[in-house]
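The following exercises concern symmetry, interfaces and local contacts in a protein model. Each task is followed by a solution in steps.

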Protein chains: 2
Amino acid sequence: MTSVATTRRSRITPEREAELYDAVLDLLREVGYDALTMDAVAAATHSSKATLYRQWGSKPQLVARALKHGKPGPSCAVADTGSLRGDLLETVVHAFDDSRIEQDAALMRGVGRAAHDNPELLAALRELLIEPSIAELRVLLDRAVARGEIRPDNPALDLVPHMFLGALVSGELIDGRQVTQEFLVTYLDAVLMPALRA
Amino acid sequence: MTSVATTRRSRITPEREAELYDAVLDLLREVGYDALTMDAVAAATHSSKATLYRQWGSKPQLVARALKHGKPGPSCAVADTGSLRGDLLETVVHAFDDSRIEQDAALMRGVGRAAHDNPELLAALRELLIEPSIAELRVLLDRAVARGEIRPDNPALDLVPHMFLGALVSGELIDGRQVTQEFLVTYLDAVLMPALRA
């Protein structure tokens, strides 16, 4: 990854990079992962396909980087409110704004579906998006352990991403409606907090 | 639904019905929901397409009924072990046998993906599979409330399906490996039990 990132930074400006990622996200929302082609990205951004491949290596890498770029809000490791509940609430509020929650969820569902059939995309998503998010969450949890809010051997420490994912994916299948920030806060108090404080 | 069920029962034997559902599940595993055609079901089961449509109404209805038929184990409402943890453990053990957990998960992921783009399939799955499963789970939870194991106003009572779903869908994305029965039991003790006993 380092060499790709170095190459990329040496050739295009951050503004140009952001513009390109925005175009990729627009295309993803429009046509979905499978139908998104490097030709379409090249056309939409007035780049050559050769440039795209040289800078990002492959479509899965480009898409994962674009999603990372579009990830909303500040890192949850940044929000240090002094309490576990405060930090988790801050994470939910920043990561899931009601005005874009469904748009973001639809984007991630589409890419998640594609990742199931595409090991390279799954690997890129895990490396660039999922593992860094889990690591950020861990910073917040480790602070709570240090404050004595969570027992260091609580097995729920490793299961916070699973709990969150359950809340995020269940709207359509279980409740037949979209997930809202209000629902996520209810879930935080009813599920995450009791499990982490056990 | 009642009229469809009545018509079906009056025309074919339970053995023939089971044979047909098994053929639908085999086809689903082989080609997935989108590529599954009523023609292929008719050919595999030596039925006419007209018969299939008369008995089941539509492909989403037929697929949802086949999945319901293939649902493993006894109803979780049946397992009355005398304790909440015992009942939930019984549910996990019966519903998720390691030898078929990945096969079942792959089938449900495929159908879940299709349901997102197909409101009729989503409605049929919710009506025939998801809502009955939630109702069964509720029987088990109500017994625990009656025994005094769960406070009647505990908000986690409505969130058990969400918690379970999180554990089931997270294997590939979060942990990069298949979900096992052992993992589900860990999750039960670390997440569901503390939330329900809070």
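**Exercise 1. Salt bridges**

Determine how many salt bridges a search of the whole structure finds, and examine the one formed by A:Arg197.

Solution. The model is a predicted one. Over all chains, the search of the whole structure returns 24 salt bridges. A:Arg197 is paired in this way with A:Glu149, and their closest N and O atoms are 3.6 Å apart. The criterion requires a side-chain nitrogen of Lys or Arg within 4 Å of a carboxyl oxygen of Asp or Glu, and the 3.6 Å between A:Arg197 and A:Glu149 is the value to be tested against it. As for location, A:Arg197 belongs to helix H10 (residues 181-197) of chain A, while A:Glu149 is in the loop between helix H8 (119-146) and helix H9 (160-175) of chain A; the pair therefore ties together parts that are 48 residues apart in sequence.

**Exercise 2. Relation between the copies**

Establish which operation superposes chain B on chain A, and which residue of chain B comes closest to the rotation axis.

Solution. In general, two copies of a chain are related by a rotation about an axis and a shift along it. Here the rotation is 180 degrees and the shift along the axis is 0.0 Å, with an RMSD of 0.0 Å. The two copies are thus related as by a two-fold rotation axis. Of the residues of chain B, B:Gly166 comes closest to this axis, its C-alpha lying at 1.7 Å. The interface residues can then be compared: 100% of those of chain B are also interface residues in chain A, so the copies meet through the same surface.

**Exercise 3. The interface of chain B and chain A**

Characterise the contact between the two chains by area, composition and polar pairs.

Solution. Begin with the extent: 30 residues of chain B and 30 residues of chain A take part. About 2900 Å² is buried between the chains, and carbon and sulfur atoms give 73% of that area. On the chain B side, B:His162, B:Leu173 and B:Ile174 lose the most area to chain A, together 22% of what that side buries. Next, count the specific pairs: the rule finds zero salt bridges across this interface, but there are four residue pairs in polar contact between the chains. The elements that give two or more residues to the chain B side are helix H7 (98-116), helix H8 (119-147), helix H9 (160-175) and helix H10 (181-197) of chain B. H9(B) gives the most, with 11 residues. By class, the chain B side divides into 19 nonpolar, five polar and six charged residues.

**Exercise 4. Domains of chain A**

Describe how domain 1 of chain A and domain 2 of chain A meet.

Solution. The assignment places domain 1 at 2-58 and domain 2 at 71-197 of chain A. Their centres, taken over C-alpha atoms, are separated by 27 Å. Six residues of domain 1 and seven residues of domain 2 form the contact. The two domains bury about 570 Å² between them, with 65% of it on carbon and sulfur atoms. A:Leu28, A:Arg29 and A:Tyr33 supply 79% of the area that domain 1 buries against domain 2, more than any other three residues. Between these domains the count is zero salt bridges, and two residue pairs are in polar contact.

**Exercise 5. A loop residue**

Locate B:Ser47 and list its contacts beyond neighbours within four places in sequence.

Solution. B:Ser47 is in the loop between helix H3 (38-45) and helix H4 (49-56) of chain B. With those neighbours left aside, B:Ser47 contacts B:Arg16, B:Leu20, B:Ala42 and B:Leu52. The side chains of B:Ser47 and B:Arg16 are joined by a polar contact of 3.0 Å.

Terms used. Residues numbered from 1 in each chain as written. Chains lettered and ligands numbered in written order. Predicted model: local features only at pLDDT ≥ 70, side-chain atom pairs only at ≥ 80, totals over all residues. Heavy atoms only, no water. Contact = heavy atoms within 4.5 Å. Buried area = accessible area lost by both parts, 1.4 Å probe. Nonpolar A, V, L, I, M, F, W, Y, C, P; charged D, E, K, R; others polar. Polar contact = N/O pair within 3.5 Å; in protein donor to acceptor, adjacent residues only side chain to side chain. Least-squares fit on C-alpha atoms with pLDDT ≥ 70 in both. Domains from an automatic or database assignment.
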